[in-house]
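I opened my notebook to get to know a structure that was new to me. Here is what I looked up, one entry at a time.

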Amino acid sequence: MGETEAEGKPKPRPIIRIGLFLIAHSVVVSVICCVAGIVALLLLPVLAKNTYVSENALLPGSASPMLSNDDAVEGQKLMNKILSLQSVSGSSDIEIPQMIADHIIQLGGEANYHKFQPVSTTFHPLHFFLAPDTGTRKENNSCSAYGINTVGIVRAPRGDGKEAIVMITPYNSSKVSMGEALSLGIAYSVFSLTSRVTWLSKDIIWVAADSKYGEYAAVAAWLKDYNTLSFGDFDVLSQSCSSSDFPSHKETKVKEDQASTGFRRAGTIAAGIVVKVADKSTELEKDALKIYAEASNGQMPNLDLINVVNYLAAHGQAFQVRVDKIWSLLDSSFLKILGELFEMIGKVARTLNPEWKFGVPSKDYVEGSATLASSMYNQALGVPTGPHGPFRDYQVDAITIEISPKFSPTQRILFLLRVGRLVEGVIRSVNNLLEKFHQSFFLYLLTSPNRFVSNGVYMIPFGLLVAPLPLVSAALFCDASKSYLSSDGTPSSSSSSIESLPNFKSWRWLYAAKTVLIVHLWSIVVALLPYFIYQIPDTSPSINLLQWIVMSILTLLFIHAISSKPERQQEWTLLKSATISATFIGLCIMSVINFAIAEIGALVIVPLCLTATPLKLDFQARTKRSLIRCICNSLLAPLAFPPASFLLIKGTSLGFDNVHFGDFWVWAESLWVWNSATYIFICIIHLPCWALFLHILLLGS
């Protein structure tokens, strides 16, 4: 009778049988996936592809440059006037904006001044969840603290005024450097050209951004007013600062519907380019151009914009194009050995089949790894790498180009001509677009200016790293449920765990889930504590960090005392299962917000989740495996603490002589000032995972 029932019982579906098999062998699967994830991460520079222009309408370099030597001479004249005005003692901050506006008007363009005040950088509990344009001005609305952006507009003769291209040149109105004067001269020469060409179909906006309160702040303030102020609302600031403080200038004749407001607008911004010139000359053989593309929370501009700049700079004007890299990794012996190994594997693969294009030269692998690490770090940090950052908050593609010149003073006109033609080419390519950038990639990592890793490739290491988490969580849950049934005297099923699911009748997992929930609620309190610490005046970063740690510990002890129930040692598997489940969900959610921080966080958090075991059990087992696990857990416990991890990484890269206790507070302060999701990740995902890991280790002690 029993055999007949066993034969008549339907077997689980193949997908369920595969899942049960993986759960039953979760330890082996975890080791394989973690190793494969790390190997896949190291292979990313090898798997990088060459960049290419996806949008055919861009046509970079298809037209001959029209910027002439006369335009470059005019740019040099403006540069010399600015430098001479700067050298005059007693010159005010409004004289340079007035000079730029006068030159714009002489070209037939429209000019206006944009007055802004610096925004407050104090911590706000909901700062991360607020819109990008809701920064609050400082409480002292004194007119002594303000900056003036000078804005010039050229209306396109072939356009309908619905689209515009923005060119930004930051400069410090209090003290203009040679590089800033050069960038203003470059922008003026390009603006002079666009004021008389007939092929222009998009309006050109030139913003000479006053960066004495920061380059980002000046551009963000102008973009905020450009996108939020309604027609005729320019008196918002004049309530606190009189409009008479603005320099006066003669206005040009414009359309009647644009003459009634001081704040002038063009169409919807199609793209933006920030032009900067470094003060220091490059040590390379020729002029170098560096591209900065990262915006807030890992946002990147469309790859086509970078491709256009790279193509025109390298092939059109013979610049040496570079992107940021971590220079200390170039001397890494580990990367050099890996590069030689992958190069050898590539040669063997090509001997077997010439069509197998695997492997790169060892030198290219090391440089690609250093660039990839920098690209991933900058995206994970969530802080914009230049004044182009505010554009991505309004879904506008923009980059910053910084040119490091190598020329003598007699070659300035030639330098202005080359850079001006580069900017002209970028404007001409964007001018050809009939729609927004959409053809190329928005999610990518750069390994060089002309090589990238797409999201379809760099998702593989992350998927392999987090794949063991649900399997281990399910395996622990099954084991805990079966052990509970056996301890209650209920006979457990004799069939294999691969062929049948356990009968979950216990509700003990609710206690573990409650513990995980309480710890995550505590992490939210920890994330909000800096708001109260900021109310204490005149404290150093070290004191602030110490107060943050002490207050966090006290709140955790208080919450534990009023809401916790003593857990039995045998219930640690349920607690670990709930911890892994919560961590898996947090990593997956963070991968949607900022994939780079989720990738880096998985490298730290996944080992915590997989190795967590009570130290008392490992001591009692006295096996080789338990001893190794005990040593690993004892090392991970202090090293995975967020402040300790930060100080260790900074000390390794910069030297421990440059590390101070309060550095973590300064770093965290910069994260919340920039609305970085990394702050949310550290406080609400990483910290509770570490706290639960430590709780599991000490359980039963």
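**Entry: Ile38**

I started with Ile38 and asked whether Ile38 is buried, exposed or partly exposed. Its relative accessibility is 42%, so I wrote down partly exposed. I should say here that I am reading a predicted model. Ile38 sits in helix 3, which covers residues 26-42. Next I wanted to know which residues Ile38 touches, not counting those up to four places away in sequence. I found Leu465 and Leu603. I also looked up Phe462, which is 424 residues from Ile38 along the chain. Their C-alpha atoms are separated by 9.0 Å.

**Entry: Ser375**

My second stop was Ser375, and I found this serine in helix 11, residues 362-381. Ser375 has 3% relative accessibility, so I noted it as buried. What is Ser375 in contact with, once its neighbours within four places in sequence are left aside? I listed Glu294, Leu445 and Leu446. Strand 10 runs over residues 444-448, and that strand led me to the next entry.

**Entry: a small sheet**

I followed strand 10 into an open sheet of three strands. In what order do the strands of this sheet lie? I read the order as 1-11-10, with antiparallel pairing. Strand 1 (49-50) and strand 10 are the edge strands, and each of them pairs on one side only. Then I looked at how strand 10 meets strand 11, which spans residues 451-454. These two pair in the antiparallel sense over four bridges. I picked out one partner in strand 11: Arg451 is the bridge partner of Ser448.

**Entry: salt bridges**

I kept one general thought beside this page: side chains of opposite charge can pair when their charged atoms come close. How many salt bridges does a search of the whole structure find? The search gave me 12.

I looked at Arg155 and Glu110 before the others. Their side chains meet in a salt bridge, at 3.0 Å from N to O. This pair links distant parts of the chain, with the two residues 45 apart. Arg155 is in the loop between strand 3 (147-154) and strand 4 (163-171), while Glu110 is in strand 2 (residues 110-116). I checked accessibility too: Arg155 is partly exposed at 23%, whereas Glu110 is buried at 6%.

Arg155 came up again when I turned to Asp203. Asp203 forms a salt bridge with Arg155, and the closest N and O atoms are 3.6 Å apart. Here, too, distant parts of the chain are linked, as Asp203 lies in strand 5 (residues 203-210), 48 residues from Arg155. Asp203 is buried, with a relative accessible area of 2%. I drew the three residues together on my page, because Glu110, Arg155 and Asp203 are linked in a network of salt bridges.

I then turned to Lys347 and Glu343, whose side chains meet in a salt bridge at 4.0 Å, N to O. Why are these two separated by about one helical turn? Lys347 and Glu343 are four residues apart in helix 10 (residues 333-352), so about one turn lies between them. I noted Lys347 as partly exposed, with a relative accessible area of 47%. Glu343 is partly exposed as well, with 24%.

**Entry: cysteines**

How many disulfides does the count come to? I wrote down zero. Cys630 is in no disulfide, and the nearest cysteine sulfur, that of Cys632, is 9.3 Å away. A disulfide needs two cysteine sulfur atoms within 2.5 Å, so the 9.3 Å between Cys630 and Cys632 does not qualify. Cys632 is likewise in no disulfide, and its nearest cysteine sulfur is that of Cys630. I also compared their settings: Cys630 is buried, with a relative accessible area of 7%, and Cys632 is partly exposed, with 35%.

**Entry: a nonpolar patch**

I ended on the surface, where I found a nonpolar patch. Which residues form this patch? I listed Leu517, Leu521, Ile524, Leu528, Tyr531, Phe532 and Met551, with about 600 Å² of accessible area together. Helix 16 (residues 509-533) gives the most to the patch, with six residues. One residue I looked up there was Leu517, which lies in helix 16.

Notes
Residues numbered from 1 in each chain as written. Predicted model: local features only at pLDDT ≥ 70, side-chain atom pairs only at ≥ 80, totals over all residues. Heavy atoms only, no water. Pairing = 2+ DSSP bridges. Buried < 20%, exposed > 50% of the residue type's maximum accessible area, 1.4 Å probe, protein only. Patch = residues over 30% accessible without salt bridge, like charges linked within 9 Å, V, L, I, M, F, W, Y side chains within 5 Å. Areas by Shrake-Rupley, 256 points an atom, 1.4 Å probe, with all protein chains shown as cover. Contact = heavy atoms within 4.5 Å.
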